[in-house]
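Good morning, colleagues. I would ask you to look at the model on the screen while I take you through a few of its features.

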Amino acid sequence: PTVTIGISAYNEEANIGDLLDSIVTQDIKLFKLEEIVVANDGSYDRTADVIKKFTSRYKLIRLIDDGEKVGRTARMNNLYRFVDSDIFVSFDADVVLSNKNVLEELVSTHKKNNALVGGYDKPALPVNWIEKMCSVWIQVWDYIRTNLDNPNCVHNHLGRISSSNKELYKKIQYPYNLIDDDQYLYFKAKELGYKFRFNPKAVVNYRVPSNLRDYFRQFARAISSKHRVASKLGNKIYEDYKVNLSEKIAGLWFVFKKEPVYLPVAVFFQVLLQIYIKFFFNEDFSDGFWIRSESTKAPVLKKL
């Protein structure tokens, strides 16, 4: 099968080079990589300059740099329309592929007649106590979502790493003001009768927030995402998000045994987060954009 990779990047100079490095060094045996398309979505930093260094070295990398800021979903809509590969893989611009077999894992999962494939996103090593606290809570959630009776669910399709076949992506058109494209894509695939599969061996790494302002913004946006998707697709989707109490307790207990100090801190901040969402979180996403968590844009790979 043929594969095209699509990336939408906005002010990602700190990490886009490492991401492209991790892509071009992949082991490729099962497929033909036709193109890596990076859409520079109105960046005003050195994102385009970093990408151009790669386009001069690798013919399969193409930069779209039209000077416009239209948002991730608009960029994906354009790519879906013009790409013609058998499989389209998308990565967030602030991740790094964790090993040389990520693409092979995604493509091999498609070979089992799965139209939509999700990978596993894991936090990079924390650099301060806030990142540690975030990472510990993510460990709880990761344990829960990967140990569900059916892990092939909405909780395991995340925008940081996603792959869809041509039959599916050619039928997708995101609403112009949508920011939660990963969950929308999952539900549209399900609605159209396609299968989704989660492959935990296809791993990307990313940075979590390193200050409390970014923590509250990012986690609040993630928690409230299902309501925004429901506004587009109806309340019937809420059923897919349900997780049993016993599964939540199992996740908490599993992590507590490893992190008896940080887990109570993480739980405390999750309580504060719920208060923040109820009384203070009022970010407007009607234009299809959101306030970036700048601390998560630090390099995923530590520089020596």
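I begin with a pair of residues: serine 90 stands opposite serine 162, the latter in strand 7. Please bear in mind throughout that this is a predicted model.

The two strands concerned are strand 4, residues 87-91, and strand 7, residues 161-165; they run antiparallel and are joined by five bridges. In general terms, the strands of a sheet pair through backbone hydrogen bonds, in either a parallel or an antiparallel manner.

Let me now widen the view to the sheet. It is open, has eight strands with mixed pairing, and follows the order 3-2-1-4-7-6-8-5. Which strands form its edges? They are strand 3 (61-64) and strand 5 (95-97), each of which pairs on one side only. From one strand to the next, the twist averages 25°.

Helix 4, residues 102-110, lies across several strands, namely strand 1 (2-9), strand 4, strand 5, strand 6 (116-123), strand 7 and strand 8 (196-206). With respect to strand 8, helix 4 runs at about 170°.

I turn finally to isoleucine 144, which is placed in helix 5, residues 129-146. Is this residue buried or exposed? Isoleucine 144 counts as buried, because its relative accessibility is 6%, and the cut-off for buried is under 20%. Leaving aside residues up to four places away in sequence, isoleucine 144 touches Val243, Glu247, Lys248 and Gly251. Between isoleucine 144 and proline 1 there are 33 Å in space, C-alpha to C-alpha, and the two are 143 residues apart in sequence.

Thank you for your attention.

Technical notes. Residues numbered from 1 in each chain as written. Predicted model: local features only at pLDDT ≥ 70, side-chain atom pairs only at ≥ 80, totals over all residues. Heavy atoms only, no water. Helix = DSSP H or I, 4+ residues; strand = E, 2+ residues; numbered from the N terminus. Buried < 20%, exposed > 50% of the residue type's maximum accessible area, 1.4 Å probe, protein only. Contact = heavy atoms within 4.5 Å. Pairing = 2+ DSSP bridges. Axes fitted to C-alpha atoms, helices over the stretch in contact; angles between N-to-C directions.
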